[in-house]
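Trainee: I'd like to learn how to read side-chain features from a set of coordinates. Could you walk me through some cases?

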Number of protein chains: 2
Amino acid sequence: MYAYIHPEIIPLANATLHVSDLSIQRGYGIFDFCKIKNGHIYFLNDYLDRFYQSAATMRLPVPLDRSDLAAMMIQLIRKNNIAESGLKVILTGGYSADGFQPGTPNLLLLQSPLTIPPQEQLLKGYKVITHEYVRDVPGVKTINYTTGIWLLEKMRQESADEVLYHSQGNVSEFPRSNFFIVTKDDQVITASSNVLKGVTRKNVLKLASSRFKTVEGNIALEDVYKAKEAFLTSTTKRIVPVIEVDHNVIGTGKAGEVSKILLNDLIALEEEDQMSKKTA
Amino acid sequence: MYAYIHPEIIPLANATLHVSDLSIQRGYGIFDFCKIKNGHIYFLNDYLDRFYQSAATMRLPVPLDRSDLAAMMIQLIRKNNIAESGLKVILTGGYSADGFQPGTPNLLLLQSPLTIPPQEQLLKGYKVITHEYVRDVPGVKTINYTTGIWLLEKMRQESADEVLYHSQGNVSEFPRSNFFIVTKDDQVITASSNVLKGVTRKNVLKLASSRFKTVEGNIALEDVYKAKEAFLTSTTKRIVPVIEVDHNVIGTGKAGEVSKILLNDLIALEEEDQMSKKTA
């Protein structure tokens, strides 16, 4: 396996950063993560859009422009030659002279085989607990998962598969995925504020809007408890039904029809994306 | 210069972590920072207390017990032999197999020369702006400074020296230091919640209580604006008067008498600590 540490591709085993990097000193950095199959990067432009937006918001200049970054991603993917993988693009605060002021950002490309539970297993659905929290800069994919990782133990204690963030009575997102509900009258709703705008979230919003009334707005915790269906969206897991929230069964407690329809639509959209563009 | 990357002391230039470390992947880790002069670590036991508490809260086992860690700090300090320095003890989430679950934590000791502005300059005081924010796990010295570093640009734009966090009308702390006010009737107050319990904060509370009415409680923003004095406390800067908050002059706009008395008391306490224990 190889990795890219700007400006070169090197063996992953040798991919290190000096301890003065601001990710190690102060947890400062952004990243993005996309899915690759047989050399094709799904929805590449969406991920690049978000990566450069995150970098701009956090005031981290990216050392490669968009076309050079895409070319380097493709070069690394060809070199590693893995059938199904995920590719992380990390941009850190760089080597800091005083341990606080950002230096020249370090850009990393890290590819790894995808280990996703099979779709049948995911369709059994997730049991979810909730936690009051808003990420530091919610619109940006920062590397800060202090709370998400700290909650792993609470999830284990409560035998939960995921933890849903909420604030002032409204739910927002999971640490690494977005959240949707389907109301009894088949409205599809996802939270509009305090969330990262996921690429799968965007695709599901588009797909849902051609079939159902689709809303980006507020979702109160009570709306969740009385929803007909709920699900999460993520790059790797696509759509996973949420069948329990805080020990309240959602809908029938099984994967709902709308969730399954949207999952099939999403799989079809991925196939379309793969057909339309040969990116690698 | 040398650094300690558990389990060995190595040249600082070679001190690296593999990119799978959870600090780089997810900004997950804790640290502490103490001050050293002529081989003496000031208030060592207080820093060790807090470091092990932070580690326990974030569920990161420390690979050295307390006496071995102290011994290793002293060994590194002797080897580097710098007159005045700061020593950072960092504990990261370790090399993570899946980029999210913590591995075996990596322990780093990083020493660097102290570059503090001279006391006369600090006594001119800081101009401060405010920002609504509570750190992720406020009682713990995590490495997450996403918001603090992101605010550097806002500080530059407003020619501010520091940014004071507040939430729901109450002020709490600075990104890297604590906050005190002195009321018109000479009460010394520091925030009790949403703060890191600084070692200098603890020392100043103790010193203040022998001279003044001293309170850990709520400080509303309006209390700050009408305070007679305000100051910050930090390991490196000790006590720095706060002379302006959001462009409102505090007190006379100059270092106040109580701030100066407590600074002198603190310097005396440091000397006492240096005399009483030969730690290195």
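Trainee: Is B:Lys260 buried, partly exposed or exposed?

Mentor: This is a predicted model, and in it B:Lys260 has a relative accessibility of 32%, so B:Lys260 counts as partly exposed. B:Glu257 is exposed, with a relative accessible area of 53%.

Trainee: Where do B:Glu257 and B:Lys260 lie?

Mentor: The general idea comes first: an α-helix has 3.6 residues a turn, so residues three or four places apart point the same way. Here both B:Glu257 and B:Lys260 belong to helix α9 (residues 257-276) of chain B, and they are three residues apart, about one turn of the helix. Their side chains meet in a salt bridge, at 3.7 Å from N to O. On chain A, salt bridges with shared partners join A:Lys35, A:Arg238 and A:Glu270 into one network.

Trainee: How many salt bridges does the structure hold over all chains?

Mentor: There are 24 over all chains. One of them pairs A:Asp186 with A:Lys228, and the closest N and O atoms are 2.6 Å apart. A:Asp186 sits in the loop between β11 (178-182) and β12 (187-191) of chain A, and A:Lys228 in the loop between α8 (221-225) and β14 (229-234) of chain A, so this pair ties together parts that are 42 residues apart in sequence. As for accessibility, A:Asp186 is partly exposed at 27%, and A:Lys228 is partly exposed at 32%.

Trainee: What do the side chains of B:Asp186 and B:Lys228 form?

Mentor: They meet in a salt bridge, with 2.6 Å from N to O. This pair links distant parts of the chain: B:Asp186 is in the loop between β11 (178-182) and β12 (187-191) of chain B, while B:Lys228 is in the loop between α8 (221-225) and β14 (229-234) of chain B, 42 residues apart. B:Asp186 is partly exposed, with a relative accessible area of 28%, and B:Lys228 is partly exposed as well, at 32%.

Trainee: Let's turn to rings. How many aromatic pairs are there over all chains?

Mentor: The count comes to 14 over all chains. For B:Phe174 and B:Phe179, the ring centres are 5.7 Å apart and the planes stand at 80°, so the pair is edge-to-face. The cut-off behind that step is that planes over 60 degrees apart count as edge-to-face. B:Phe174 and B:Phe179 are both buried. Ring pairs also link A:Phe31, A:Tyr145 and B:Phe100 into a cluster.

Trainee: Which ring does the charged end of B:Lys35 sit over?

Mentor: The charged end of B:Lys35 sits over the ring of B:Tyr42, 5.5 Å from its centre. In another case, B:Arg176 lies over the face of A:Phe100, at 3.5 Å from the ring centre.

Trainee: How should I read the nonpolar interior?

Mentor: In soluble globular proteins, nonpolar side chains tend to be buried together. In this model the largest nonpolar core has 144 residues, and A:Met73 and B:Met73 have the most contacts inside it. Setting aside residues up to four places away in sequence, A:Met73 touches A:Cys34, A:Ile41, A:Leu44, A:Leu48, A:Leu87, A:Val89 and A:Leu109.

Trainee: A cysteine is in that list of contacts. How many disulfides does a search of the whole structure find?

Mentor: The search finds zero disulfides over all chains. A:Cys34 counts as buried, at 2% relative accessibility, and B:Cys34 is buried, also with a relative accessible area of 2%.

Trainee: Why is helix α7 of chain A described as largely enclosed by the rest of the structure?

Mentor: Eight of the eleven residues of helix α7 (residues 199-209) of chain A are buried, so the helix is largely enclosed by the rest of the structure. The buried residues include A:Val199, A:Leu205 and A:Leu207, and also A:Arg201 and A:Asn203.

Trainee: Which residues does B:Thr233 touch?

Mentor: B:Thr233 is found in strand β14 of chain B and is buried, with a relative accessible area of 2%. Beyond residues up to four places away in sequence, its contacts include B:Ser177, B:Phe180, B:Arg201 and B:Ile239.

Trainee: And A:Lys124: buried or exposed?

Mentor: A:Lys124 counts as exposed, at 62% relative accessibility. A:Lys124 lies in the loop between α4 (119-122) and β8 (126-132) of chain A. The C-alpha atoms of A:Lys124 and A:Val242 are separated by 8.9 Å, with the two positions 118 residues apart along the chain counted as their spacing.

Definitions and conventions: Residues numbered from 1 in each chain as written. Chains lettered and ligands numbered in written order. Predicted model: local features only at pLDDT ≥ 70, side-chain atom pairs only at ≥ 80, totals over all residues. Heavy atoms only, no water. Phe/Tyr/Trp six-rings, centres within 6.5 Å; stacked < 30°, edge-to-face > 60°. Buried < 20%, exposed > 50% of the residue type's maximum accessible area, 1.4 Å probe, protein only. Lys NZ or Arg CZ within 6 Å of the ring centre and 35° of its normal. Disulfide = S-S within 2.5 Å. Core = buried A, V, L, I, M, F, W, Y, C linked by side-chain atoms within 4.5 Å. Contact = heavy atoms within 4.5 Å. Salt bridge = Lys/Arg side-chain N within 4 Å of Asp/Glu carboxyl O. Helix = DSSP H or I, 4+ residues; strand = E, 2+ residues; numbered from the N terminus.
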